[in-house]
Amino acid sequence: MFRKIKPEEWQDNPISLIGQDWALLTAVKPDGTSNPMTVSWGGVGVLWHKPVCTVYIRPQRYTHEFSEVGNRISLCFFPSEKKEVLNYCGRVSGREADKVKECGLTPVSEKGHVYYEEARVVLLCRKIYVDGIKPEGFLEAEPRDHYYPAKDYHTVYVCEIEEVLTKDKK
Ligand SMILES: Cc1cc2nc3c(=O)[nH]c(=O)nc-3n(C[C@H](O)[C@H](O)[C@H](O)COP(=O)(O)O)c2cc1C
């Protein structure tokens with residue numbers, strides 16, 4: 001069972017959690033349909049005195065269609081034995097497969113968000129600011145040239161963390 005904690009009580013290291021363990025981002029359209037994809041770039045912190053997470057989605061992702069029109073985004077962190085779910089959802093597009101079904105995930109719909117029963121920690125987030133990575137913004141050429149040869153600059157979403165759910169013991 002998940003229990004709700006305050007964002008300040010969350011104990012994980014976000015650098016290793018997002019960068020190495022990865023997360024499953026799920027964006028929901030206003031009609032309630034949703035699509036998950038794996039992310040390993042992102043941040044959590046504070047902006048405008050709010051707990052926020054920032055995520056980066058390339059325009060060609062199917063999830064982008066959902067994140068553009070909807071304002072609910074969840075980030076699910078899984079136990080290590082579920083890494084294959086993240087491998088699959090980072091390799092396959094929701095345009096080609098029902099990833100939730102293929103992975104045997106149990107979706108939970110709550111307050112307009114979608115997350116999965118199998119997660120260990122869930123951030124329920126609401127989009128509050130959107131912008132794009134811009135080529136003229138780079139102060140160093142390397143990341144621009146390395147990560148954007150196709151000029152498919154990420155859309156950046158700053159999201160308020162509305163709830164943190166965890167299965168970790170107190
Ligand atoms: C470890 C890992 C991390 C990823 N991180 C991101 C990311 O932060 N942003 C992004 O746009 N795509 C990222 N991707 C790629 C998407 O997860 C992948 O293209 C996925 O199939 C998109 O699914 P969709 O078309 O259903 O949205 C990542 C893939 C992997 C394997």
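**Exercise 1. Decide whether His-49 is buried or exposed, and describe its place in the chain**.

Solution. In this predicted model, His-49 has 6 C-beta neighbours inside 10 Å and therefore counts as exposed, given that a residue is exposed if 12 or fewer other C-beta atoms lie within that distance. The next step is to locate His-49, which is found in the loop between β4 and β5. The last step concerns the backbone, where phi of His-49 is near 60 degrees, a positive value in a residue other than glycine. Most residues other than glycine have a negative phi.

**Exercise 2. Work out whether Trp-48 counts as buried or exposed, and find the loop in which Trp-48 lies**.

Solution. The count for Trp-48 is 9 C-beta neighbours inside 10 Å, so Trp-48 counts as exposed. Turning to position, Trp-48 lies in the loop between β4, which covers residues 42-47, and β5. Its phi is near 55 degrees, and this is a positive value in a residue other than glycine.

**Exercise 3. Describe the overall build of the chain, and explain why its radius of gyration agrees with that of a compact globule**.

Solution. Begin with the secondary structure, which comes to 5 helices and 10 strands. For the radius of gyration, a compact globule with 170 residues would have a value near 15 Å, and because the chain has 16 Å, the two agree. The C-alpha atoms fill a box of roughly 45 × 40 × 30 Å, taken along the principal axes. Buried residues make up 32% of the 170 residues. Finally, among the contacts with a separation of 6 or more, 69% are accounted for by residues 24 or more positions apart.

**Exercise 4. Trace the strands that pair with β10, and name some of the bridge partners**.

Solution. Start with β1, residues 3-5, which pairs with β10 in the antiparallel sense over 3 bridges; here Arg-3 has Thr-166 of β10 as its bridge partner. Next, β5 and β10 pair in the antiparallel sense over 6 bridges, and Ile-57 stands opposite Thr-155 in β10. The third step is β9, which runs antiparallel to β10 and is joined to it by 11 bridges. Within β10, Val-158 stands opposite Tyr-129, while Thr-155 is the bridge partner of Gly-132. Strand β9 also leads onward, since 6 bridges join it to β6, again with the strands running antiparallel, and Ser-74 has Leu-124 in β9 as its bridge partner.

**Exercise 5. Identify which residues of the largest nonpolar core touch the most other members, and then list the contacts of Cys-53**.

Solution. The largest nonpolar core has 40 residues, of which Ala-23, Leu-25, Cys-53 and Cys-76 touch the most other members. The elements that give two or more residues to this core include β2 (23-28), β6 (72-77), α3 (83-89) and β9 (121-132). Taking Cys-53 and leaving aside its neighbours within four places in sequence, the contacts are Gly-42, Gly-43, Val-44, Leu-75, Leu-123, Cys-125, Cys-159 and Ile-161.

**Exercise 6. Describe the shell around the ligand by its residues, its elements and its classes**.

Solution. First, 19 residues surround the ligand, and the closest are Tyr-62, Thr-63, Gly-90, Ser-93 and Gly-94. Second, the elements that give two or more residues to this shell are β3 (34-39), β5 (50-57) and α2 (62-69), with the largest share, 4 residues, coming from β3. Third, sorting the shell by class gives 8 nonpolar, 7 polar and 4 charged residues.

Key:
Residues are numbered from 1 along each chain as its sequence is written. This is a predicted model: local features need pLDDT of at least 70, side-chain atom pairs count only at pLDDT 80 or more; totals for chains, interfaces and linings use all residues. A residue is near a molecule or strand if its C-beta atom, placed from the backbone, lies within 6 Å of it. Ala, Val, Leu, Ile, Met, Phe, Trp, Tyr, Cys and Pro count as nonpolar, Asp, Glu, Lys and Arg as charged, and the others, Gly among them, as polar. The radius of gyration is taken over C-alpha atoms; the globule rule is 2.2 Å times the number of residues to the power 0.38. A residue is buried if 20 or more other C-beta atoms lie within 10 Å of its own, exposed if 12 or fewer, and partly exposed in between; C-beta atoms are placed from the backbone. Two residues are in contact if their C-beta atoms, placed from the backbone, lie within 7 Å. A nonpolar core is a set of buried Ala, Val, Leu, Ile, Met, Phe, Trp, Tyr and Cys residues joined through C-beta atoms within 7 Å. Two strands pair if DSSP finds at least two bridges between them.
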